[in-house]
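Work through these exercises with the coordinates open. Try each task before reading its solution.

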Amino acid sequence: NRAISTAEKIHLLNVIEGMAAESLRCIAFGYMEVSDPVELRIGGGEDEWLIPEGPLILLAIIGIRDPCRIEVPKAVRQCQAAGIRVRMVTGEHITTAKAIATECGILRDGDVAIDAATFCSYTREERMREISRISVMARSSPADKALMVTTLRELGAIVAVIGDGVDDASALREAHIGISMGMLCKSIIPMESSAAIIIAENSFDSIPKVVQWGRAVANNIQKFIQFRLTVNVSALTINLVAGLLADGVPLSVVQLLWLNL
């Protein structure tokens, strides 16, 4: 056993960057030789492993692929065609996040992927100026997600946040519309209290369906109100003018009722 040299460290970092560029999540495995058994201290509400401090012996670095679902690129295109700007805010490594976003169609030509630390280092004016180009923000914490939502709201955008974990609760509260994915979120109090919509299916393919049904209902309500106003205003105007200029009104109460029906 020996310490990793600088050349070996650079080589390992290059390997990790290469795997991350292929949308692989990298995990390093290592172990430590101890002379005494490791104790488990129980108390204070938390369990604590008394692991001695010291260097680990590297065994391997592996890459785990979490493939993009088949329906996600199509759903992203449908959202973009509907005038919805899709952004990805994740805790993944920026290289992995860029690869996944490119595969899903979120990161397009002219878009920018940045690290959350860079975004937080901006001044308010710089964030307001750069936010329109940012499609991916990696290595983000719950506070970073909430900051992006707040910045978009200050620009006048209508923001909907999709979350599937407790760390998304703050961003859901800051958004105009908070959407939690999966029935599991109904049993998590911060998610249930923060989300305005809970989608049973844990799939991004549900988002275009939600938008489609929501817009259909809104359009129908608008058309219904327009129809009712047109009929009622026209009928009342005719009766009012006729009542002022003539002895009677052309439309009786029963006829007005039939018009409304």
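**Exercise 1.** In which sense do β6 and strand β7 pair, and over how many bridges?

*Solution.* First, the ground rules. This is a predicted model, where local features need pLDDT of at least 70, side-chain atom pairs count only at pLDDT 80 or more, and totals for chains, interfaces and linings use all residues. Residues are numbered from 1 along each chain as its sequence is written, and side-chain values use heavy atoms, without hydrogens and water.

Strands are DSSP runs of E with at least two residues; helices are runs of H or I with at least four, and both are numbered from the N terminus. Two strands pair if DSSP finds at least two bridges between them.

Now the answer. β6 and β7 (residues 134-138) pair in the parallel sense over 4 bridges. A113 stands opposite V136 in β7.

**Exercise 2.** Place these strands in their sheet, and find the edges.

*Solution.* The order is β5-β7-β6, in an open sheet of 3 strands with parallel pairing. The edge strands are β5 (88-89) and β6 (112-115), each pairing on one side only.

**Exercise 3.** Describe the sheet that contains β8.

*Solution.* This open sheet of 3 strands runs β8-β9-β10, with parallel pairing. Its edges are β8 (160-163) and β10 (197-199). β8 and β9 (residues 177-181) share 4 bridges. I162 has I179 of β9 as its bridge partner.

**Exercise 4.** Check the length of α9.

*Solution.* Take 1.5 Å times one less than the number of residues. For the 40 residues of α9 the expected span is 58 Å; the end C-alpha atoms are 58 Å apart, so the two agree.
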